[in-house]
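My notebook for this protein is below. I kept the entries short and wrote them in the order I looked things up.

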Amino acid sequence: MTTPTTHLCPQCKKPTSWSDNPNRPFCQERCKLIDLGAWADESYRVATNDTPFSDELPK
């Protein structure tokens, strides 16, 4: 018998099973919704040096 693969939930860092988990990679629906809310709130950002279309703006 093999041990189920576990990993840490990206939101709360609790160990969770990958197999038979409808919320993977999260441990529960609550963590999934918190992460979705952070995306919707634009809390997650990609760092950049330029603003979009900065070369098209008048100087």
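**Entry 1: Glu42**

I began with Glu42 and asked whether it is buried or exposed. Glu42 is exposed, because its relative accessible area is 52%. I found Glu42 in the segment after α1. Its phi is near 60 degrees, which is a positive value in a residue other than glycine. I noted this one since most residues other than glycine have a negative phi. I should say here that I am working from a predicted model.

**Entry 2: Lys13**

Next I looked up another positive phi. Lys13 is not a glycine, yet its phi is positive at about 70 degrees. Lys13 sits in the loop between β1 and β2. I put Lys13 down as exposed because its relative accessible area is 52%, and the cut-off is over 50%.

**Entry 3: the peptide bond before Pro25**

I checked omega next. Arg24 and Pro25 are joined by a cis peptide bond, with omega at about 10 degrees. Most peptide bonds are trans, so I flagged this one. Pro25 belongs to the loop between β2 and α1.

**Entry 4: overall layout and confidence**

I stepped back to the whole chain. The protein has one helix and two strands, and along the sequence they run β-β-α. Of the 59 residues in the protein, 14% are buried. I also looked at contacts with a separation of 6 or more: residues 24 or more positions apart account for 5% of them.

How confident is the prediction, going by the mean pLDDT of the protein? I read a mean of 86, with 83% of the residues reaching 70 or more. Among the elements, α1 has the highest mean pLDDT at 95, and strand β1 (residues 6-8) has the lowest at 92. I keep in mind that predicted coordinates should not be read in detail where pLDDT is low.

**Entry 5: the four cysteines**

I pulled up the UniProt record. Its unreviewed entry places the feature "binding site" at Cys9, Cys12, Cys27 and Cys31. Why do I say that they gather at one spot? They span 23 residues in sequence, yet no two of their C-alpha atoms are more than 8.2 Å apart, so they do come together.

I took Cys9 in detail. Cys9 lies in the loop between β1 and β2 (15-17). Cys9 counts as buried because its relative accessibility is 0%. Leaving out neighbours within four places in sequence, I list Lys14, Thr16, Pro25, Phe26, Cys27 and Cys31 as its contacts. Two of the annotated cysteines, Cys27 and Cys31, are on that list, and so is Pro25 from the cis bond.

Then I did Cys12, which is also placed in the loop between β1 and β2. Cys12 is partly exposed, because its relative accessibility is 30%. Not counting residues up to four places away in sequence, Cys12 touches Cys27 and Cys31.

**Entry 6: helix α1**

I went on to the helix. Helix α1 covers residues 29-40, which makes twelve residues. From its first C-alpha to its last I get 16 Å, close to the 16 Å expected at 1.5 Å a residue.

Which residues of α1 are buried? They are Cys31, Asp35 and Ala38. These three lie on the same side of α1, because they cover an arc of only 55 degrees around the axis. The face turned away from that buried side carries the exposed residues Arg30, Leu36 and Ala40. Cys31, on the buried side, is also one of the UniProt "binding site" positions.

**Entry 7: the aromatic pair**

I finished with the rings. A pair of aromatic rings is described by the distance of the centres and the angle of the planes. I found one aromatic pair in the structure. Trp39 and Tyr44 make it up, edge-to-face, at 4.8 Å centre to centre and 65 degrees between the planes.

Trp39 is exposed, because its relative accessible area is 53%. Tyr44 counts as partly exposed because its relative accessibility is 35%. Tyr44 is in the segment after α1, where I had also placed Glu42. Apart from neighbours within four places in sequence, Tyr44 is in contact with Gln11, Asp35, Ala38 and Trp39. Asp35 and Ala38 on that list are also among the buried residues of α1.

How values were computed
Residues are numbered from 1 along each chain as its sequence is written. This is a predicted model: local features need pLDDT of at least 70, side-chain atom pairs count only at pLDDT 80 or more; totals for chains, interfaces and linings use all residues. Side-chain values use heavy atoms; hydrogens and water are left out. Rings of Phe, Tyr and Trp (its six-membered ring) pair if their centres lie within 6.5 Å; planes under 30 degrees apart count as stacked, over 60 as edge-to-face and the rest as tilted. Buried means under 20% relative accessible area, exposed over 50%, partly exposed in between (1.4 Å probe, protein chains only). Helices (H or I, at least four residues) and strands (E, at least two) are DSSP runs, numbered from the N terminus. The expected span of a helix is 1.5 Å times one less than its number of residues. The arc is that of the directions from the helix axis to the C-beta atoms. pLDDT is the predictor's confidence in each residue, from 0 to 100. UniProt positions are given in the numbering used here, feature names are shortened, and annotations may be inferred rather than shown by experiment. Contact means heavy atoms within 4.5 Å.
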